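I opened this notebook to record how the parts of the chain meet and what surrounds the ligand. The entries follow the order in which I looked things up.

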Amino acid sequence: MDLDRIRAVCWDWNGTLLDDTEICRQVMNSVLEEHALPVLADGHAYRSVFRFPIRDFYGAVGLGDDLFVPAATSYLELLAARVGEAQLHADARSTLCALQAYGLRQVLASATLPQALARQMEPHDLGAVFEQVLSIDDPYRASKHEVIGAWLAASGLAANEVLVIGDTNHDREIAHDLGAVFLHFDGGHQAWSGDTPRIEALGSWSTCWLRSACASVPSRSTEPRCRLPSHGIVGCMAARQTPSSSEFREWLRAQPALTGTAPRLDLTDLPDDPVPMFLEWIRTAAAGGVPEPHTATLATVDGAGVPDSRTLILKDADSRGWAFAGTRSSGKAAHIGAHPVAALNFWWQPHRRAVRIRGRVEEVSPAESEADLAARSAAARDGIAPGDWVLWRILAERVEFWQGAPDRNHTRIVYERRGGEWSRTVTGTTLV
Ligand SMILES: Cc1cc2nc3c(=O)[nH]c(=O)nc-3n(C[C@H](O)[C@H](O)[C@H](O)COP(=O)(O)O)c2cc1C
């Protein structure tokens, strides 16, 4: 499925996000027992016979004709007492979060009356995920079809930019009538009938989908779509005050990794020295729209051997080493004073490229440090006393260039300096 075209997902609630099928089967069995009819022995029996219009379902289990109205009344009363027991499907929350983080609009559409729907949704705290919750306010005159149609008309979206995910043929018919794309979630009320695209688990489907969508982002895009904004976790996980650790793990598993497209890498033409290669990679990252490619993580160790790391800006890279700067009163200055070593790590997305550099650290001449301070903006110079600004250089002993591949056959090019000479080792065979 082409995610590039899809801008919004319209979710069905009962059976698709809310795992209430077994509760509904048990409630229906109570009604069948009241009428001395054979019960639906298991989920398979229930899902095979469930259908729309709902009157047909009742007819199929023996509750047709005159029995329909009293049986349906009894069913709804019994169900109202039990539906609060239903949990979300595994991966439902993390799927909603991942799609939200990707930037898709999401709405929920249900044929349940607003108050009843609100009661069903309340324990699951999903309000921040949906731009609208669409429900019917008149069970005799409105249908889910109409409320989705009204939302679509006002949404500014073309019908084929909307993906409807539901668990019944009724959802499919609505999607097709409106001209939207449809996916049958085959873990809900109605068994898949074999003539629509199907998903069996929300989490693995969305992970796959997002991964392939991100992989198709052109590497030279100035606005990479795969920069998953933090509102994925803020809007979803944080809205729920105390997400359980399993929900958090689920959410983490659903986050796409190694998305994007790696630039072409010619392993037959590598330089003998890591500096030109670093300069080429950082320029490629900048040209490909990687935000702030000169930002890196610097790791140091204190006098007791305790490590620490922080984000900073690269100031220079040439045959003398990789330069960074900070104040003499900073933690890193104390660490370097105790142990003059450091490691620097860059991660460039969506290029799937990382570079790490490590080696001895030297403080450069006072004149160079002063020149770096002078080159900063007035605001950045403010409050820094003369002599307090230091430029350091990592005299690299090892530089690793890492390029990730979706098949996990990552390429690793390692330069090591011994006796003033660089040696090079290449592992991973992906030539991209
Ligand atoms: C994007 C970004 C760029 C930064 N650039 C620098 C920098 O160039 N130099 C610096 O000393 N701190 C920089 N900082 C602040 C450091 O992350 C850190 O807070 C500070 O250096 C103090 O850490 P330390 O006490 O471990 O040395 C930057 C932070 C961010 C988020």
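Entry 1, the interface. I looked up the contacts (heavy atoms within 4.5 Å) and found that eleven residues of domain 1 touch nine residues of domain 2. The model is predicted: local features need pLDDT of at least 70, side-chain atom pairs count only at pLDDT 80 or more, and totals for chains, interfaces and linings use all residues. Residues are numbered from 1 along each chain as its sequence is written, and side-chain values use heavy atoms, with hydrogens and water left out.

Entry 2, the bounds. An automatic or database domain assignment gives domain 1 as 8–16 + 87–254, domain 2 as 21–85 and domain 3 as 274–427.

Entry 3, buried area. I noted about 910 Å² buried between domain 1 and domain 2, with 51% from carbon and sulfur atoms; this is the accessible area (1.4 Å probe) that two parts lose on being put together, summed over both.

Entry 4, the salt bridge. I found one across this interface, by the rule of a side-chain nitrogen of Lys or Arg within 4 Å of a carboxyl oxygen of Asp or Glu. Asp-186 pairs with Arg-47 in a salt bridge, their closest N and O atoms 2.9 Å apart.

Entry 5, the ligand. The residues around the ligand (a heavy atom within 4 Å) include Thr-295, Arg-310, Ser-330 and Lys-332. I read 2.6 Å from a backbone N or O atom of Thr-311 to a ligand oxygen atom. For Ala-325, a backbone N or O atom lies 2.8 Å from a nitrogen atom of the ligand.

Key. A polar contact is a pair of N or O atoms within 3.5 Å; within protein, one must be able to donate a hydrogen and the other to accept it, and residues adjacent in sequence count only if both atoms are side-chain atoms.
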